[in-house]
Amino acid sequence: MHPSDPFVPLPSPFVSASFWIPVRGASMRPLLRPNDQVLVNLSLPWTCGDVVVVGALRGLLVHRIVAVHSEQGRLEVVTKGDAVERFDRPTQGASIIGVVTRARRRRWGRVIEWQVRHALG
């Protein structure tokens with residue numbers, strides 16, 4: 001890890017953990033909407049097409065991996081929101097926090113839950 005890297009590895013008891021986080025923006029519509037919650041798995045390997053949580057300068061970002069390539073020996077990942085036309089800046093693979101596996105939404109007093117991994121937006 002580089003000294004200026006703002007991301008700290010999680011302690012080993014949390015490596016296999018999954019946790020729910022809220023969705024704030026609309027960039028992943030129609031799959032995810034504001035106020036939905038997503039289940040993030042910290043231990044699954046990610047691949048192109050997965051919806052992932054990325055540590056970004058402005059906080060956590062929930063977007064889909066659209067490209068992976070090696071640049072000067074470093075793995076770079078390009079993500080994008082399903083509802084936006086522009087791609088995010090390439091980021092190092094190490095900044096991916098986890099893979100989104102499920103989502104849930106409160107609708108008409110009920111909670112609807114669905115699988116996200118490998119779902120097309």
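## Hairpins and strand pairing

Two residues separate strand 4 from strand 5 in a hairpin, and Gln-72 in the turn has a positive phi of about 55 degrees. The model described here is predicted. The two arms of this hairpin run antiparallel and are joined by seven bridges. One of the pairings places Ser-70 opposite Leu-75, its bridge partner in strand 5.

Strand 4, which spans residues 59-71, also pairs with strand 3 in the antiparallel sense, over six bridges. Here too the connection is a hairpin, with two residues leading from strand 3 to strand 4. Within this pairing, Val-51 has Arg-64 of strand 4 as its bridge partner.

## Overall architecture

The protein contains eight strands and zero helices. Its order along the sequence is accordingly written β-β-β-β-β-β-β-β. Of its 121 residues, 36% count as buried. Among contacts between residues at least 6 apart in sequence, 48% join residues at least 24 apart.

## Nonpolar cores

The largest nonpolar core has 15 residues, and the members that touch the most others are Leu-32, Val-38, Val-62 and Val-100. Strand 2, strand 3 (51-56) and strand 7 (96-107) are the elements that give two or more residues to this core. Another core lies apart from it and comprises seven residues, among them Val-52, Leu-61, Ile-96 and Val-99. In soluble globular proteins, nonpolar side chains tend to be buried together.

The surroundings of Val-62 can be set out in more detail. Beyond residues up to four places away in sequence, Val-62 touches Ile-21, Ser-27, Met-28, Leu-32, Val-38, Val-51, Val-52, Val-53 and Val-100. Three of the residues named as touching the most other core members, Leu-32, Val-38 and Val-100, thus appear among the contacts of Val-62.

## Gln-37, Arg-104 and Trp-20

Gln-37 belongs to strand 2, which covers residues 37-41. With a relative accessible area of 29%, Gln-37 is partly exposed, because that value lies between the limits of 20% for buried and 50% for exposed. When residues up to four places away in sequence are set aside, the contacts of Gln-37 are Trp-20, Ile-21, Pro-22, Arg-102, Ala-103 and Arg-104. The C-alpha atoms of Gln-37 and Glu-113 are separated by 9.3 Å, although the two residues are 76 apart along the chain.

The side chains of Gln-37 and Arg-104 make a polar contact of 2.6 Å. The charged end of Arg-104 also sits over the ring of Trp-20, 3.7 Å from its centre. Both Trp-20 and Arg-104 are among the residues that Gln-37 touches. As for aromatic pairs, a search of the whole structure finds zero.

## Thr-91 and Glu-76

Thr-91 is placed in strand 6, residues 91-92. Its relative accessibility is 18%, so Thr-91 counts as buried under the 20% limit. The side chain of Thr-91 is joined to that of Ser-95 by a polar contact of 2.6 Å. Apart from neighbours within four places in sequence, Thr-91 is in contact with Val-54, Leu-75, Glu-76 and Val-77.

Glu-76 lies in strand 5, residues 74-80. This residue is buried as well, with a relative accessible area of 13%. Leaving out residues up to four places away in sequence, Glu-76 touches Ala-67, Val-68, His-69, Glu-71, Pro-90 and Thr-91.

## Backbone features in the loops

The loop between strand 1 (18-22) and strand 2 contains Pro-30. The peptide bond leading from Arg-29 to Pro-30 is cis, with omega near 5 degrees. Asn-35 is also located in the loop between strand 1 and strand 2. Although Asn-35 is not a glycine, it has a positive phi of about 80 degrees. Asn-35 counts as exposed, because its relative accessibility of 65% is over the 50% limit.

Trp-108 lies in the loop between strand 7 and strand 8 (110-115). Trp-108 is likewise not a glycine, yet has a positive phi of about 55 degrees. With a relative accessible area of 74%, Trp-108 is exposed.

Methods
Residues numbered from 1 in each chain as written. Predicted model: local features only at pLDDT ≥ 70, side-chain atom pairs only at ≥ 80, totals over all residues. Heavy atoms only, no water. Phe/Tyr/Trp six-rings, centres within 6.5 Å; stacked < 30°, edge-to-face > 60°. Lys NZ or Arg CZ within 6 Å of the ring centre and 35° of its normal. Helix = DSSP H or I, 4+ residues; strand = E, 2+ residues; numbered from the N terminus. Buried < 20%, exposed > 50% of the residue type's maximum accessible area, 1.4 Å probe, protein only. Contact = heavy atoms within 4.5 Å. Polar contact = N/O pair within 3.5 Å; in protein donor to acceptor, adjacent residues only side chain to side chain. Core = buried A, V, L, I, M, F, W, Y, C linked by side-chain atoms within 4.5 Å. Pairing = 2+ DSSP bridges.
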